[in-house]
Amino acid sequence: MGRVLVQVMPKPEILDPQGKAVAAALPRLGLTGFVDVRQGKRFELVVEGPVTDEVLAQARRAAEQLLANPVIEDVVAVVDADAEVTAGASA
């Protein structure tokens, strides 16, 4: 089985109160140097078989039609989760 990761973020012009709250809390925790925080959503879609280009295209359609609200959100990534893990391990 394969996994597809979908990331959805608020459009830049949309207010993000949760992101603002996190940004305000970071310095209170001694975590400095962060100038902004945007909070989004992450979906994991499990598929039968390998993640192919066709599967990624279907996942993108699902993200654009169902997972994201196109009025206020953008789909920023649709990737093969296993390829993402492999790339991260070699970095």
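**A friendly note on the sheet, its helices and its salt bridges**

1. Phe34 is a good place to start: this residue counts as exposed because its relative accessibility is 56%, where exposed means over 50% relative accessible area, buried means under 20%, and partly exposed is what falls in between (1.4 Å probe, protein chains only). Phe34 is found in the loop between α1 (17-28) and β2 (41-47). Helices (H or I, at least four residues) and strands (E, at least two) are DSSP runs, numbered from the N terminus.

2. Before going on, a word about the model. It is a predicted one, in which local features need pLDDT of at least 70 and side-chain atom pairs count only at pLDDT 80 or more, while totals for chains, interfaces and linings use all residues. Residues are numbered from 1 along each chain as its sequence is written, and side-chain values use heavy atoms, with hydrogens and water left out.

3. Phe34 also has company on the surface. Together with Leu29 and Leu31 it forms a nonpolar patch with about 350 Å² of accessible area. Patches are made of residues with over 30% relative accessible area and no salt bridge; like charges are joined within 9 Å, and nonpolar side chains (Val, Leu, Ile, Met, Phe, Trp, Tyr) within 5 Å. The areas come from the Shrake-Rupley method with a 1.4 Å probe, and for residues only the protein chains shown count as cover.

4. Next, the sheet. In what order do the three strands of the open sheet stand? The order is β2-β1-β3, with antiparallel pairing; two strands pair if DSSP finds at least two bridges between them. β2 and β3 (73-80) are the edge strands, each pairing on one side only. From one strand to the next, the twist averages 20 degrees.

5. The pairings can be followed residue by residue. Seven bridges join β1 to β2, and Val6 stands opposite Phe43 in β2. β1 and β3 pair over seven bridges; Leu5 has Val79 of β3 as its bridge partner, and Pro10 has Glu73 of β3. As a reminder when looking at the side chains, in a regular strand they alternate between the two faces of the sheet.

6. A helix belongs in this picture too. α2 lies across β1, β2 and β3 and runs at about 155 degrees to β3. Axes here are lines fitted to C-alpha atoms, for helices over the stretch in contact, and angles run from 0 to 180 degrees between N-to-C directions. Contact means heavy atoms within 4.5 Å.

7. Is Glu73 buried or exposed? Glu73 is buried, because its relative accessible area is 14%. This residue of strand β3 touches Val8, Met9, Pro10, Lys11, Lys41, Leu67 and Ala68, not counting residues up to four places away in sequence. Glu73 and Ile14 are 59 residues apart in sequence, yet their C-alpha atoms are 8.3 Å apart in space.

8. Val51 is found in the loop between β2 and α2, and this residue counts as buried because its relative accessibility is 16%. Leaving aside neighbours within four places in sequence, Val51 is in contact with Gly2, Arg3, Val4, Leu56 and Asp80. Between the C-alpha atoms of Val51 and Gly33 there are 37 Å, although these residues are 18 apart along the chain.

9. Now for the charges. Side chains of opposite charge can pair when their charged atoms come close. A salt bridge is a side-chain nitrogen of Lys or Arg within 4 Å of a carboxyl oxygen of Asp or Glu, and by this rule there are seven salt bridges. One of them joins Arg3 and Glu44 at 3.0 Å, N to O. This pair links distant parts of the chain, with Arg3 in strand β1 (residues 2-10) and Glu44 in strand β2, 41 residues apart.

10. Arg3 has another partner, Asp82, at 4.0 Å, N to O. Arg3 lies in strand β1 and Asp82 in helix α3 (residues 81-90), so this salt bridge ties together parts that are 79 residues apart in sequence. Three relative accessible areas complete the view: Arg3 is partly exposed at 25%, Glu44 is partly exposed at 41%, and Asp82 counts as partly exposed at 39%.

11. Helix α2 (residues 53-67) holds both Glu64 and Arg60, four residues apart, about one turn of the helix. Salt bridges that share partners also join Arg3, Arg42, Glu44 and Asp82 into one network. The side chains of Glu64 and Arg60 meet in a salt bridge of 3.6 Å, N to O. Glu64 is partly exposed at 44%, and so is Arg60 at 31%.
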